[in-house]
Amino acid sequence: MSKKFIAGNWKLNPDTGEQAIELCWQLKIALAPFVKVKIAVCPPSIVLPMIAEFFKGTNVAVGAQDIYWEDAGAFTGEISGPMIKSAGCSHVIIGHSERRQYFGETNQTVHKKINAALRHNLLPIVCVGETLEQRESSVMKDIVREQIVEALSGMQDILLGNLVIAYEPVWAIGTGKTATPEQAQEMHRFIRELLTENFSESLSETTPILYGGSVKADNAAELFSQPDIDGALVGGASLKADSFAAIVKSGEELS
Ligand code: PEP
């Protein structure tokens, strides 16, 4: 896969709509030169319609950070596929480790959310990754296999061309600790083989696999040089236009 994909996860930031628009202006200017990479930002749901409108017709796509699996009904606090689609989004992050850790997300709920995203023509960015304890006990590949196989079970045909996976080791998210390029590459290769074995060769070849976990301007290029790393899901460094643009620039140079 030659075209790198860089997505920013804003998480629960910034505090106000004004600050969000200010960041968008800075991003629009800083990201304008990059035409070879794919770029997306995933702000909090409350500002999605405004930000999708802001980036309409530009090189920046907009995604949600979560989706509920039902389209409507008595589900207080949730946001649905039709809402995300009508807000002007094209992507949605599903199964982020913070949602697994703090909000009870499981491989089964991730599965239902992927179905909901696909029903509404939203590209799911499905997050997987092991905790530090799981890595230290050398079960990280079993964990990632289970996350992927359970989340995608029975979906091989509809997923083709409609799936992005983000490998995000939990111990590297927001900690300043990045997986070494070799550690990340090893897991990305494993994921690619897993897709071939459990789904199809074409799904494996066409699914971008992003790395996430303290990606910064100074480590992006080395990560992106690995053969199975197709881009990054960026948290903290996506909240400053200059640091996000520097990561995107590394992607552009390797696209
Ligand atoms: C993330 O939120 O998906 C993430 C990778 O965060 P950070 O880049 O801050 O580690």
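## Exercises on cysteines, a ligand and T109

The sulfur of C42 has its closest cysteine sulfur in C89, 8.1 Å away, which is too far for a bond. This is a predicted model. The exercises below start from that cysteine pair.

**Exercise 1.** Work out how many disulfides the model has.

*Solution.*
- Recall the bond: a disulfide is a covalent bond between the sulfur atoms of two cysteines.
- Take the cut-off: the two sulfur atoms must be within 2.5 Å.
- Check C89: the closest cysteine sulfur is in C42, at 8.1 Å, so this is too far for a bond.
- The count is zero disulfides.

**Exercise 2.** Decide whether C42 and C89 are buried or exposed.

*Solution.*
- Buried means under 20% relative accessible area.
- C42 has 0%, so C42 is buried.
- C89 has 3%, so C89 is buried.

**Exercise 3.** Describe the surroundings of the ligand.

*Solution.*
- Start with the shell: 14 residues lie around the ligand, and K11, E168, G174, S214 and G235 come nearest.
- Sort the shell by class: four residues are nonpolar, eight polar and two charged.
- Look at side chains: a polar atom of N9 lies 3.2 Å from a ligand oxygen. For an N or O atom of H96, the distance to a ligand oxygen is 2.9 Å.
- Look at the backbone: a polar atom of G174 is 2.6 Å from a ligand oxygen.
- Finish with cover: on its own the ligand has 290 Å² of accessible area, and the protein covers 97% of this.

**Exercise 4.** Place T109 and find its side-chain partner.

*Solution.*
- T109 sits in helix α5, residues 107-119.
- Its relative accessible area is 14%, so T109 is buried.
- The side chains of T109 and E105 make a polar contact of 2.5 Å.

Key: Residues numbered from 1 in each chain as written. Predicted model: local features only at pLDDT ≥ 70, side-chain atom pairs only at ≥ 80, totals over all residues. Heavy atoms only, no water. Helix = DSSP H or I, 4+ residues; strand = E, 2+ residues; numbered from the N terminus. Buried < 20%, exposed > 50% of the residue type's maximum accessible area, 1.4 Å probe, protein only. Polar contact = N/O pair within 3.5 Å; in protein donor to acceptor, adjacent residues only side chain to side chain. Near = heavy atom within 4 Å. Areas by Shrake-Rupley, 256 points an atom, 1.4 Å probe, with all protein chains shown as cover. Nonpolar A, V, L, I, M, F, W, Y, C, P; charged D, E, K, R; others polar.
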